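Here is a short briefing to read alongside the structure. Have the sequence and the 3D view at hand, and let us walk through them together.

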Amino acid sequence: GRLLDTLTEQKLARNTIVVLWGDHGWKLGEHNSWCKMTNYEIDTRVPLIVRMPNAAENGKQCDRLVEFVDIYPSLCELANIPLRQELEGISFTPLLENRWLPWKEAVFSQFLRDGIWIAPDGVAYMGRCIRTHRHRYIEWKAKDGNDIVARELYDLKSDPQENNNIAKDANNRELIQSLGKRLSAGWNSSQKQTPPSQ
């Protein structure tokens with residue numbers, strides 16, 4: 001708030017974009033873990049505040065899914081800087097004018113259980129995650145392998161703290177297949193994501 005007040009006092013608010021984002025979260029025993037390195041919501045959800053001069057949605061909360069890879073293309077668009085084609089992120093600038101726009105259906109993260117996190121069997125495992133508005137789905141594979149050795153599925157509506165892994169529930173087979181395909185497509189795609197047409 002003091003920063004924004006000072007920008008106004010110095011007559012800089014009209015041509016200054018402010019972005020505040022934070023490091024990922026920290027656990028104090030949640031999920032039987034310490035520190036801040038997993039694919040869970042407590043580790044991957046972070047603060048992101050953007051103030052663009054005269055934006056319609058300044059000061060309002062937006063619940064659309066965005067990723068850190070989206071910050072650079074957003075700032076480039078706002079500053080009229082051309083984007084390189086190989087960027088994976090997409091500009092969330094439209095959300096600054098209308099936070100209710102249809103947007104990304106999923107975001108992705110990964111976490112390697114290696115070093116101090118190495119599993120009791122001595123194998124390093126890579127966990128890849130897709131997070132939608134409703135679910136978080138994680139597949140674990142040996143770091144140097146392709147076989148899925150474990151799955152996690154959480155319903156964020158009924159279990160927002162992700163304490164109940166429902167991946168083994170037979171009723172979730174189709175959901176797991178669908179999320180697994182989207183997860184693979186997200187990791188294997190060399191093309192950047194695009195939001196739905198507006």
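A residue counts as exposed when its relative accessible area is over 50%, as buried when that area is under 20%, and as partly exposed in between. With that in mind, Asn54 is exposed because its relative accessible area is 72%. Please keep in mind that this is a predicted model.

**Overall picture**

- The protein chain contains 5 helices and 8 strands, arranged along the sequence as α-β-β-β-α-β-α-α-β-β-β-β-α.
- Along the principal axes, its C-alpha atoms fill a box of roughly 60 × 40 × 35 Å.
- The protein chain has 198 residues, and 36% of them count as buried.
- Of the contacts between residues at least 6 apart in sequence, 50% join residues at least 24 apart.
- About 13,000 Å² of the protein chain is exposed, with carbon and sulfur atoms supplying 50% of that area.
- Positive side chains number 26 and negative side chains also number 26, with the centres of the two sets 3 Å apart.

**A salt-bridge network around Glu41**

- The whole structure holds 12 salt bridges.
- Which residues are linked in a network of salt bridges? They are Glu41, Arg45, Arg131, Arg136 and Glu162.
- Arg131 pairs with Glu41, their closest N and O atoms lying 2.8 Å apart. This pair links distant parts of the chain, since Arg131 sits in strand β6 (residues 125-131) and Glu41 in helix α2 (residues 41-44), 90 residues apart.
- Arg136 also forms a salt bridge with Glu41, here with closest N and O atoms 2.4 Å apart. Arg136 belongs to strand β7 (residues 135-142), 95 residues from Glu41 in helix α2.
- Are these partners buried or exposed? Arg131 and Glu41 are both buried; Arg136 counts as buried because its relative accessibility is 1%, and Glu41 because its relative accessible area is 13%.

**Another salt bridge**

- Lys60 forms a salt bridge with Glu57, and the closest N and O atoms are 3.7 Å apart.
- Lys60 counts as partly exposed at 46% relative accessibility, whereas Glu57 counts as buried at 12%.

**Positive phi angles**

- Most residues other than glycine have a negative phi.
- Asn54, which is not a glycine, has a positive phi of about 65° and is found in the loop between β4 and α3.
- Glu162 is not a glycine either, and its phi is positive at about 55°. This residue lies in the loop between β8 (148-155) and α5 (173-188) and counts as buried at 1% relative accessibility.
- Asn80, placed just after α3, takes a positive phi of about 60°.

**Helix α3 and its cover**

- Helix α3 (residues 71-78) has Ile71, Pro73, Ser74 and Cys76 as its buried residues.
- What covers those buried residues? The cover includes β1, β4 (48-51) and α4 (93-97).

**At the surface**

- Trp26, Leu28 and Trp34 make a nonpolar surface patch of about 390 Å².
- Within that patch, Trp34 is placed in strand β3 (residues 34-35) and is exposed, with a relative accessible area of 54%.
- Asn15 is in the loop between α1 (2-9) and β1 (18-21) and is exposed at 62% relative accessible area.
- Asn15 and Asn54 are separated by 39 residues in sequence, and their C-alpha atoms are 9.7 Å apart in space.

Terms used. Residues are numbered from 1 along each chain as its sequence is written. This is a predicted model: local features need pLDDT of at least 70, side-chain atom pairs count only at pLDDT 80 or more; totals for chains, interfaces and linings use all residues. Side-chain values use heavy atoms; hydrogens and water are left out. Patches are made of residues with over 30% relative accessible area and no salt bridge: like charges are joined within 9 Å, nonpolar side chains (Val, Leu, Ile, Met, Phe, Trp, Tyr) within 5 Å. Accessible areas come from the Shrake-Rupley method with a 1.4 Å probe; for residues, only the protein chains shown count as cover. A salt bridge is a side-chain nitrogen of Lys or Arg within 4 Å of a carboxyl oxygen of Asp or Glu. Helices (H or I, at least four residues) and strands (E, at least two) are DSSP runs, numbered from the N terminus. Buried means under 20% relative accessible area, exposed over 50%, partly exposed in between (1.4 Å probe, protein chains only). Contact means heavy atoms within 4.5 Å. Lys and Arg count as positive and Asp and Glu as negative; His and the chain ends are not counted. The place of a charge is taken as NZ of Lys, CZ of Arg, CG of Asp or CD of Glu.
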